[in-house]
Amino acid sequence: GNHDDKKLWKTMIENYPSICSDYNDNCDTKVKFVFSPYLEITHKHHKKKTKFILCHYPINSWNFQNYESIHLYGHLHGNESGAVEGKALDVGIDNLYSRFNIFRPISVEDIYHYMLSKPVCNRHGD
C-alpha cells in the first residue's frame, strides 16, 4: 500500500527468506526486494516465469511491461478513469467486486489466466 516502508520490506525478507531468494524446488515465487515504491515478484507457472509489479498506485510504465509482465495496483477503488493500459489490474476488493462479482482477494492463478487475454502495452516501440 501507500503506507509501506523500508522497515516493512525488511521484516518481510527476514520472515520469509525462502521467497526472497533464488528459486528452489519448493518455491515457485521469488520476491525481488528493492527500496522503491513498488515490489517486483517473479512467479513460475508451468515453467514459464512471469514478473508481477505490485504498487499501491497505478504506474503508467513499469519494468518488463513489453515482455508480458503484469502490474497489480489499488488506490483507484474501481475508478476506470485512472486505469492503466496493458496487462494491468486494479486488485482492490471494490474493483474486483464490480468487475468479477467477487468480494475476496483474487488468486495469482486467476490473475494470470485473466491477463492472457489482455494485450501487452508496448510504449517503447518494437
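# Notebook: lysines, salt bridges and a surface patch

I began with lysine 51, which counts as partly exposed because its relative accessibility is 22%. The model I am reading is a predicted one, and I keep that in mind for every distance noted below.

**Entry 1, the salt bridges.** I looked up how many salt bridges the structure holds, and there are two. In one of them the side chains of lysine 51 and glutamate 40 meet at 3.1 Å, taken from N to O. I noted that this pair links distant parts of the chain, with lysine 51 in strand E3 (residues 48-55) and glutamate 40 in strand E2 (residues 38-45), 11 residues apart. Glutamate 40 counts as buried, because its relative accessibility is 3%, whereas lysine 51, at 22%, is partly exposed.

I then turned to the salt bridge between the side chains of glutamate 68 and lysine 48, where the N to O distance is 3.7 Å. Here too distant parts of the chain are linked, since glutamate 68 lies in the loop between E3 and E4 while lysine 48 belongs to strand E3, 20 residues apart. Glutamate 68 is partly exposed, with a relative accessible area of 38%, and lysine 48 is partly exposed at 37% relative accessibility.

**Entry 2, lysine 87.** Which side chain of opposite charge is nearest to lysine 87, and how far away is it? I found glutamate 68 at 4.5 Å, and lysine 87, although buried, has no salt bridge. The distance explains this, because a salt bridge needs a side-chain nitrogen of Lys or Arg within 4 Å of a carboxyl oxygen of Asp or Glu. I placed lysine 87 in the loop between strand E4 (70-73) and strand E5 (88-90).

What does the side chain of lysine 87 reach? I traced it to the backbone oxygen of lysine 118, at 2.6 Å. Leaving aside residues up to four places away in sequence, I listed what lysine 87 touches: Trp62, Glu68, Ser69, Ile70, His71, Met115, Leu116, Lys118, Pro119 and Val120.

**Entry 3, lysine 118.** I followed that contact to lysine 118, which is found in the segment after helix H3 (108-115). The side chain of lysine 118 reaches the backbone oxygen of alanine 88 at 3.1 Å. With residues up to four places away in sequence again not counted, lysine 118 touches Gly86, Lys87 and Ala88.

**Entry 4, a nonpolar patch.** I also looked for nonpolar residues on the surface, and noted a patch formed by Ile93, Tyr97 and Phe103, which together have about 340 Å² of accessible area. Isoleucine 93 is found in helix H2 (residues 93-100), and this residue counts as partly exposed because its relative accessibility is 33%.

**Entry 5, the whole chain.** I closed with the overall layout, in which the protein has three helices and five strands, and the elements run α-β-β-β-β-β-α-α from the N terminus on. Of the 126 residues, 30% count as buried. The accessible surface comes to about 8,100 Å², of which I noted that 53% belongs to carbon and sulfur atoms. Among contacts between residues at least 6 apart in sequence, 28% join residues at least 24 apart.

Key
Residues are numbered from 1 along each chain as its sequence is written. This is a predicted model: local features need pLDDT of at least 70, side-chain atom pairs count only at pLDDT 80 or more; totals for chains, interfaces and linings use all residues. Side-chain values use heavy atoms; hydrogens and water are left out. Helices (H or I, at least four residues) and strands (E, at least two) are DSSP runs, numbered from the N terminus. Buried means under 20% relative accessible area, exposed over 50%, partly exposed in between (1.4 Å probe, protein chains only). Lys and Arg count as positive and Asp and Glu as negative; His and the chain ends are not counted. A polar contact is a pair of N or O atoms within 3.5 Å; within protein, one must be able to donate a hydrogen and the other to accept it, and residues adjacent in sequence count only if both atoms are side-chain atoms. Contact means heavy atoms within 4.5 Å. Patches are made of residues with over 30% relative accessible area and no salt bridge: like charges are joined within 9 Å, nonpolar side chains (Val, Leu, Ile, Met, Phe, Trp, Tyr) within 5 Å. Accessible areas come from the Shrake-Rupley method with a 1.4 Å probe; for residues, only the protein chains shown count as cover.
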